[in-house]
Amino acid sequence: IFGISGRYGAYGAPQDVRVLRDERDRSVDGGRLLEYSFTALKGNAEVQRRAFVKAVSPPGSKDVVILVAGTTASRWKKENGEKTSRAVVDSLRVSSSKTNLKKDEASDYRTYKSKMPDLSPQKEGGGATYRD
C-alpha cells in the first residue's frame, strides 16, 4: 500500500507513515482494522492523507483481502472523510474463498508488468523498438 508500486506511490513512496489505530475488527468477518496517517507525493507537492485499511482472511484460505479508503487530512474531519472512509471499509464482506470464475490475466493488476513491451535497443540502427 505504501511502497513505490502501492496505492499511494505514483510519485514516490509515501513518507511519515504512522499507524494510528490497529484493532481486531468486531464485525462478523473479523480481520483487522488499521488507521494510518502519511504524506503522499503528488507532482511537486506533499499531501497529508489519512486512511483506513481493513484486512480480512476468507474462511479456509491463506490469502488476505485488503480494502483501503482514505482522503486528504483536511477532508478527514471537515467533510466527513473519516466517517465515509470508515463506512467503506466496514462494507467489506468476504463469505467464501471458493469461486467458479476463471482466472483472467487481463484483469489482474499484477500482470501488467509482464505485458509491457520490450524497449531494449535494436541490434541494427540503434534506438528502441516494440516487440510482441
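The protein contains two helices and four strands. The model is a predicted one. Followed along the sequence, these elements appear in the pattern β-β-β-β-α-α. The protein comprises 132 residues, of which 28% are buried.

The strands form the natural starting point. Together, four strands make an open sheet in the order β1-β2-β3-β4, and their pairing is antiparallel. The edges of this sheet are occupied by β1 (15–24) and β4 (65–72); each has a single partner strand, and therefore one side of each is left without a neighbour in the sheet. From one strand to the next, the twist averages 20°. As a general matter, strands of a sheet pair through backbone hydrogen bonds, in either a parallel or an antiparallel manner.

Within the sheet, the pairing of β2 with β3 may be followed in detail. Strand β2 covers residues 32–42 and strand β3 covers residues 45–56; the two run antiparallel and are joined by eleven bridges. One position illustrates the register: F38 stands opposite R49 in β3.

A helix is packed on this sheet. Helix α2, formed by residues 81–90, touches β1, β2, β3 and β4. The direction of α2 makes about 170° with that of β4.

The segment before β1 also deserves attention. Both I1 and R7 are located there. With a relative accessible area of 58%, R7 is exposed, because the cut-off for that class is over 50%. In sequence, R7 and V68 are separated by 61 residues, whereas in space their C-alpha atoms are 8.7 Å apart. Residue I1 has a relative accessibility of 36% and so counts as partly exposed, a class that lies between the limits of 20% and 50%. I1 contributes, with V64 and I66, to a nonpolar surface patch of about 250 Å².

Two totals complete the description of the protein. Among contacts with a separation of 6 or more, 34% are accounted for by residues 24 or more positions apart. The accessible surface comes to about 9900 Å², and carbon and sulfur atoms hold 49% of this area.

Terms used: Residues numbered from 1 in each chain as written. Predicted model: local features only at pLDDT ≥ 70, side-chain atom pairs only at ≥ 80, totals over all residues. Heavy atoms only, no water. Pairing = 2+ DSSP bridges. Axes fitted to C-alpha atoms, helices over the stretch in contact; angles between N-to-C directions. Contact = heavy atoms within 4.5 Å. Patch = residues over 30% accessible without salt bridge, like charges linked within 9 Å, V, L, I, M, F, W, Y side chains within 5 Å. Areas by Shrake-Rupley, 256 points an atom, 1.4 Å probe, with all protein chains shown as cover. Salt bridge = Lys/Arg side-chain N within 4 Å of Asp/Glu carboxyl O. Buried < 20%, exposed > 50% of the residue type's maximum accessible area, 1.4 Å probe, protein only.
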